[in-house]
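Dear colleague,

I am passing on the structure we spoke of, together with some notes on its side-chain contacts and on its strands. Please read the notes with the coordinates open beside them.

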Amino acid sequence: MLRPLSLDINKQDSEIKAAKWMPTEEYMAQPYINKHESFKNVAKICSSKSRNHYSGLCSVPTMSSSGKKSFTYFNKLQL
């Protein structure tokens with residue numbers, strides 16, 4: 001469904017340098033994640049999927065981190 005705006009990749013060294021694996025609960029507790037609805041929804045989806053409580057997608061209106069209207073696709077009945 002998605003198409004890239006460009007095939008150019010802009011690497012951000014600061015993000016790559018700070019990348020690490022962490023438990024889902026630790027990720028979900030981060031202030032930045034809780035501040036942005038779209039990231040919070042994705043974290044909930046991942047948490048539900050890891051417990052086998054996620055089986056499909058539906059469109060849910062939300063706001064992007066930049067304040068633009070966006071959609072997240074998940075099964076809100078299982079979150």
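Glu26 and Lys20 form a salt bridge, in which the closest N and O atoms are 3.7 Å apart; please keep in mind here, as with everything below, that the model is predicted. The two partners fall into separate classes of accessibility, since Glu26 has a relative accessibility of 38% and counts as partly exposed, whereas Lys20, at 55%, is exposed.

This contact belongs to a set of 3 salt bridges in the structure. Another joins the side chains of Lys11 and Asp13, with a distance of 3.3 Å from N to O. Here Lys11 is exposed, with 61% relative accessibility, and Asp13 is likewise exposed, its relative accessible area being 52%; because exposed means over 50%, the value for Asp13 may be read with that cut-off in mind.

The side chains of Glu37 and Lys40 also meet in a salt bridge, at 3.8 Å from N to O, and for this one the placement in the chain can be described as well: both residues lie in helix 4, which covers residues 37–50, and they are 3 residues apart, about one turn of the helix. Glu37 is partly exposed, with a relative accessible area of 38%, and Lys40 is partly exposed too, with a value of 23%. Because buried means under 20% relative accessible area, Lys40 at 23% is still classed as partly exposed.

Helix 4 also contains Lys44, a partly exposed residue with a relative accessible area of 34%. Although Lys44 and Thr24 are 20 residues apart along the chain, their C-alpha atoms are separated by 9.2 Å.

As for aromatic contacts, the structure holds 1 aromatic pair. It is made by Tyr32 and Phe39, whose ring centres are 5.5 Å apart and whose planes meet at 50°, so the pair counts as tilted. The reasoning rests on the angle, because planes under 30 degrees apart would count as stacked and those over 60 as edge-to-face. Tyr32 is partly exposed, with a relative accessible area of 46%, and Phe39 is also partly exposed, at 30% relative accessibility.

Turning to the strands, strand 1 (residues 59–63) pairs with strand 2 in the antiparallel sense, over 5 bridges. Within this pairing, Ser59 has Tyr73 in strand 2 as its bridge partner. The two strands make a hairpin with 5 residues between them, and in this hairpin Gly67 takes a positive phi near 95°.

Strand 2, which spans residues 69–73, also holds Phe71, and this residue is partly exposed, at 39% relative accessibility. Phe71 and Tyr73 come together with Leu57 in a nonpolar patch on the surface, for which the accessible area adds up to about 330 Å². When you look at this patch, it may help to recall that side chains in a regular strand alternate between the two faces of the sheet.

If you would like to start from one place, I would suggest the hairpin of strand 1 and strand 2, followed by the salt bridge of Glu37 and Lys40.

With best regards

Definitions and conventions:
Residues numbered from 1 in each chain as written. Predicted model: local features only at pLDDT ≥ 70, side-chain atom pairs only at ≥ 80, totals over all residues. Heavy atoms only, no water. Phe/Tyr/Trp six-rings, centres within 6.5 Å; stacked < 30°, edge-to-face > 60°. Buried < 20%, exposed > 50% of the residue type's maximum accessible area, 1.4 Å probe, protein only. Salt bridge = Lys/Arg side-chain N within 4 Å of Asp/Glu carboxyl O. Helix = DSSP H or I, 4+ residues; strand = E, 2+ residues; numbered from the N terminus. Patch = residues over 30% accessible without salt bridge, like charges linked within 9 Å, V, L, I, M, F, W, Y side chains within 5 Å. Areas by Shrake-Rupley, 256 points an atom, 1.4 Å probe, with all protein chains shown as cover. Pairing = 2+ DSSP bridges.
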